[in-house]
Amino acid sequence: MTILRNDIPLGICCDHAGFELKEYLLGWLKSQGIQVKDFGTYTPESTDYADYAHPMAYAIERGEVYPGIAICGSGNGIAMTLNKHQGIRAAICWTEDLAVLSRGHNDANVLVLPGRFIANDLAKRIVTAYFATPFEGGRHLRRINKIPIEC
């Protein structure tokens, strides 16, 4: 089982600190036949994660991509930005177990990776675990339904 959909691409974005890992994952994902929309950044030059996180978050909310992968140095800045969006549940994962829990319990629709703290092979294993894990629903659905702020 996989959370990837055949009808829309996966989204991916990063800042300069996540650029190298994003490029590695982009090549690997495409080699696996996975359709990917790259929201940038497209160079290792210093940049701001919000410039890439917001466009990908909007695309997820509109149903244009699903799920998303986001990468910055620690994962924190890009996750904070993504989680400002009501329709986004971005989870920072640096182990396979965290990726499984983020999907199974939190229905995370964006996997956030700390690019400066994990190796390429570990990132691949985390992404694989994330894709393979279905949302469990049940009591977890009740909890995630309480996340959005009603205005």
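**Close-up views of a predicted single-chain model**

**View 1. Strands β1 and β3 in the central sheet.** Four bridges connect β1 with β3, and the two strands run parallel. The model shown here and in the other views is predicted. One of the residues in this pairing is C13, whose bridge partner in β3 is A70. The sheet is open and contains five strands in the order β2-β1-β3-β5-β4, paired in parallel. Its edges are formed by β2 and β4; each has a single partner strand, so one side of each lacks a neighbour in the sheet. From one strand to the next, the twist averages 20°.

**View 2. Helix α1 against the sheet.** Helix α1 lies across β1, β2, β3 and β5. Relative to β1, α1 runs at about 160°. The nonpolar core with the most residues, 28 of them, is described here as the largest. Within this core, L25, L29, I69, L113, V127 and F131 have the most contacts. At least two of its residues come from each of β1 (10-14), α1 (19-31), β3 (68-72), β5 (110-114) and α5. Not counting neighbours within four places in sequence, L29 contacts L10, I12, I34, V36, I69, V127 and F131. A second core, separate from this one, has 18 residues, including C13, A59, C72 and A90.

**View 3. D38 and its surroundings.** Residue D38 belongs to strand β2, which spans residues 36-38. The D38 side chain makes a polar contact of 2.9 Å with the side chain of K22. A polar atom of the D38 side chain also lies 2.8 Å from the backbone nitrogen of G40. Leaving out residues up to four places away in sequence, D38 touches I12, K22, E23 and L26.

**View 4. Two cis peptide bonds.** G40 and T41 are joined by a cis peptide bond with omega of about 5°. T41 sits in the loop between β2 and α2 (50-61). Another cis peptide bond joins Y66 and P67, with omega of about -15°. P67 is in the loop between α2 and β3.

**View 5. Helix α4 and the loop after it.** Helix α4 covers residues 96-104, and its buried residues are A99, S102, R103 and G104. Among the elements that cover these buried residues are β4 (90-92), α5 (120-132) and α6 (139-144). The loop between α4 and β5 contains D107. D107 is not a glycine, yet has a positive phi of about 50°. With a relative accessible area of 15%, D107 is buried.

**View 6. The whole chain, for orientation.** Six helices and five strands make up the secondary structure of the chain. Along the sequence they follow the pattern β-α-β-α-β-α-β-α-β-α-α. The radius of gyration is 14 Å, close to the 15 Å that the globule rule gives for 151 residues, so the chain is as compact as a globular protein of that length. Along the principal axes, the C-alpha atoms fill a box of roughly 40 × 35 × 30 Å. Of the 151 residues in the chain, 50% are buried. Among contacts between residues at least 6 apart in sequence, 71% join residues at least 24 apart.

Key:
Residues numbered from 1 in each chain as written. Predicted model: local features only at pLDDT ≥ 70, side-chain atom pairs only at ≥ 80, totals over all residues. Heavy atoms only, no water. Buried < 20%, exposed > 50% of the residue type's maximum accessible area, 1.4 Å probe, protein only. Contact = heavy atoms within 4.5 Å. Polar contact = N/O pair within 3.5 Å; in protein donor to acceptor, adjacent residues only side chain to side chain. Core = buried A, V, L, I, M, F, W, Y, C linked by side-chain atoms within 4.5 Å. Pairing = 2+ DSSP bridges. Axes fitted to C-alpha atoms, helices over the stretch in contact; angles between N-to-C directions. Rg over C-alpha atoms; globule rule 2.2 N^0.38 Å.
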